[in-house]
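Biologist: I'm new to this one and would love a guided close look at a single spot. Could you start there and then show me how it fits into the rest?

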Amino acid sequence: MSVELTSQEKLDIINSHIKNLKAGKYNLELSLIEENSIGTPSQEKISLYTNEIQDTDLRIAALQSEIDKL
């Protein structure tokens with residue numbers, strides 16, 4: 001017997017993923033603020049945080065697209 005997820009269940013799962021991504025993004029933003037606050041911030045770390053924030057935005061957009069399909 002196969003049990004399929006309802007649209008609402010899928011929506012709940014996607015929203016949970018989006019919430020986790022947004023929490024991770026906020027954490028990255030705080031790390032970026034911290035790095036920029038020190039006397040000699042590491043450009044490598046700043047670049048890494050910035051790229052990760054941009055990647056997170058892309059992931060969120062992809063999941064939003066999945067919501068639109070439901």
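Which side chain of opposite charge is nearest to E35, and how many Å away is it?

Modeller: Happy to, and please keep in mind that this is a predicted model. The side chain you ask about is K45, at 4.1 Å from E35. A salt bridge here requires a side-chain nitrogen of Lys or Arg within 4 Å of a carboxyl oxygen of Asp or Glu, so E35, although buried, is left without a salt bridge.

That does not leave its side chain without a polar neighbour. A polar atom of the E35 side chain lies 2.7 Å from the backbone nitrogen of S42. If we set aside residues within four places in sequence, the contacts of E35 are P41, S42, K45, I46 and Y49. E35 itself belongs to helix α1, while I46 and Y49 are among the buried residues of helix α2.

Now let's step back to see what surrounds this spot. The protein chain has two helices and zero strands. Its radius of gyration is 17 Å, well over the 11 Å that the globule rule gives for 70 residues, so the chain is more spread out than a compact globule. The C-alpha atoms fill a box of roughly 60 × 20 × 15 Å along the principal axes. Of the 70 residues, 20% are buried. Sequence distance matters in the contacts too: among those between residues at least 6 apart, 65% join residues at least 24 apart.

Let's take the helix that holds E35. Helix α1 has 31 residues, and its end C-alpha atoms are 45 Å apart, in agreement with the span expected at 1.5 Å a residue. Its buried residues are I14, I18, K25, L28, S31, L32 and E35, and the cover over them includes α2. Just before α1 comes a segment that holds L5. With a relative accessible area of 47%, L5 is partly exposed, and beyond its close sequence neighbours it touches K10 and I13.

Across from this is helix α2, which runs over residues 43-69. Its 27 residues reach 39 Å from the first C-alpha to the last, close to the 39 Å expected. The buried residues here are I46, Y49, I53, T56, I60, L63 and I67. What covers them includes α1, just as the cover on the buried residues of α1 includes α2.

Two members of that buried set make good stops on the tour. T56, in helix α2, has 5% relative accessibility and so counts as buried. Outside the residues up to four places away, T56 touches L21, K25 and L28; of these, K25 and L28 are buried residues of α1. I67 also sits in helix α2, with a relative accessible area of 19%. Since the cut-off for buried is under 20%, I67 counts as buried. Its contacts, with residues up to four places away left out, are L11, I14, N15 and I18. I67 and H17 are 50 residues apart in sequence, yet their C-alpha atoms are 12 Å apart in space.

Finally, back to charges, where we began. Side chains of opposite charge can pair when their charged atoms come close. E35 has no such salt bridge, but the model has two salt bridges in total. One joins D57 and K25, with N and O 2.7 Å apart. D57 lies in helix α2 and K25 in helix α1, so this pair ties together parts that are 32 residues apart in sequence. D57 is partly exposed at 33% relative accessibility, whereas K25 is on the list of buried residues of α1.

The other salt bridge is between K69 and E66, whose closest N and O atoms are 3.0 Å apart. These two are three residues apart in helix α2, separated by about one helical turn. An α-helix has 3.6 residues a turn, so residues three or four places apart point the same way. K69 is exposed at 60% relative accessibility, and E66 is partly exposed at 35%. E35, where we started, is by contrast buried.

How values were computed: Residues numbered from 1 in each chain as written. Predicted model: local features only at pLDDT ≥ 70, side-chain atom pairs only at ≥ 80, totals over all residues. Heavy atoms only, no water. Helix = DSSP H or I, 4+ residues; strand = E, 2+ residues; numbered from the N terminus. Expected span 1.5 Å × (residues − 1). Buried < 20%, exposed > 50% of the residue type's maximum accessible area, 1.4 Å probe, protein only. Contact = heavy atoms within 4.5 Å. Lys, Arg positive; Asp, Glu negative; His and termini not counted. Polar contact = N/O pair within 3.5 Å; in protein donor to acceptor, adjacent residues only side chain to side chain. Rg over C-alpha atoms; globule rule 2.2 N^0.38 Å.
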